[in-house]
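Here's a quick walk through one protein model, for anyone who would rather think about it at the bench than at the screen. Have a look at the fold, then read on.

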Amino acid sequence: MIDAVLFDLDGTLADTAADLGAVLNRLRHEAGLASLPAEAIRPHVSKGVRGLLGIGFSLVPGNDRYAELHQRFLAFYGDSLCVATRLFDGIAELLDRLEAEGVKWGIVTNKPSRYTLPLAEALALTRRAACIVSGDSSPRPKPAPDPLWLASTLVGTPPERCLYVGDDLRDIHAARAAGMGAVAAAW
């Protein structure tokens, strides 16, 4: 029934919380604020920079300091993409099993390609994935269905024969809007 499995990246395939948290705490230190503990940061990783600046500085897009901190966050993150990032336990074995059974798999993330592609390469996923769709690969990011439809086309599998695995509500909404089955990763 399923010919392809598509995965979100941050918080689903890869545990990026330590690297993203380190960048957030670096910005907090520059502002004279104490570090946030990992357990406070982890639930916000799936919401990207927006979620992290929200927890770290109580900022949302449109606030005076948001754009500046957003750019600084991305600059720091670009320098430390895969220091502590690892695949979640069991993911490597799951990907091996999918491949052994002839099930194509790919990555669909809202992370911009300038970070997605080097991170996927560092995690040795690039040559294995049937597709890698980043946040800037389609006109609208998740929760819009566009990136999932693009991934479906790239893997050559109709959406109804794809399963999308993610860890955020927008992942589930995107899968449903795209006509795919959805599974929540509850790390």
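## Two helices, a sheet and some odd backbone spots

H1 goes past H3 in a right-handed crossing. Keep in mind that this is a predicted model. Who does the touching? On the H1 side, the contact comes from Leu20, Leu24, Leu27 and Arg28, while H3 brings Leu52, Leu53, Ile55, Gly56 and Phe57. Sorted by class, the contact of H1 with H3 has 7 nonpolar residues, 1 polar and 1 charged.

As for the geometry, two packed helices are described by the angle between their axes and the distance between the axes. Here, helix H1 (residues 17-30) and helix H3 (residues 48-57) pack at an angle of about 45°, and their axes are 10 Å apart. That angle makes H1 oblique to H3.

Now for the sheet. Strands of a sheet pair through backbone hydrogen bonds, either parallel or antiparallel. In this model there is an open sheet of 5 strands with parallel pairing, and the order is E5-E4-E1-E6-E7. Strand E5 (132-133) and strand E7 (181-184) are at the edges with a single partner strand each, so one side of each has no neighbour in the sheet.

Zooming in on the E5 edge, strand E4 (residues 104-108) pairs with E5 in the parallel sense over 2 bridges. Ile107 has Ile132 in E5 as its bridge partner. Then there's helix H5 (residues 91-100), which lies across E4 and strand E1 (4-7) and runs at about 155° to E1.

Which parts of the backbone deserve a second look? Most residues other than glycine have a negative phi, and most peptide bonds are trans. Two residues other than glycine have positive phi values in this model, Ser58 and Ala124. Here they are side by side:

| Residue | Phi | Loop | Relative accessible area |
|---|---|---|---|
| Ser58 | near 55° | between H3 and helix H4 (66-78) | 65% |
| Ala124 | near 60° | between helix H6 (113-122) and E5 | 53% |

Are these residues buried or exposed? Ser58 is exposed, because its relative accessible area of 65% is over 50%. Ala124 is exposed too, because its 53% is also over 50%.

The peptide bond to check is the one joining Lys142 and Pro143, which is cis, with omega at about 20°. You'll find Pro143 in the loop between E5 and helix H7 (146-155).

Terms used:
Residues are numbered from 1 along each chain as its sequence is written. This is a predicted model: local features need pLDDT of at least 70, side-chain atom pairs count only at pLDDT 80 or more; totals for chains, interfaces and linings use all residues. Side-chain values use heavy atoms; hydrogens and water are left out. Axes are lines fitted to C-alpha atoms, for helices over the stretch in contact, and angles run from 0 to 180 degrees between N-to-C directions. Helices (H or I, at least four residues) and strands (E, at least two) are DSSP runs, numbered from the N terminus. Angles under 35 degrees count as roughly parallel, over 145 as roughly antiparallel, 65 to 115 as roughly perpendicular and the rest as oblique. A crossing is left-handed if the near helix is turned anticlockwise from the far one by less than a right angle, and right-handed if clockwise. Contact means heavy atoms within 4.5 Å. Ala, Val, Leu, Ile, Met, Phe, Trp, Tyr, Cys and Pro count as nonpolar, Asp, Glu, Lys and Arg as charged, and the others, Gly among them, as polar. Two strands pair if DSSP finds at least two bridges between them. Buried means under 20% relative accessible area, exposed over 50%, partly exposed in between (1.4 Å probe, protein chains only).
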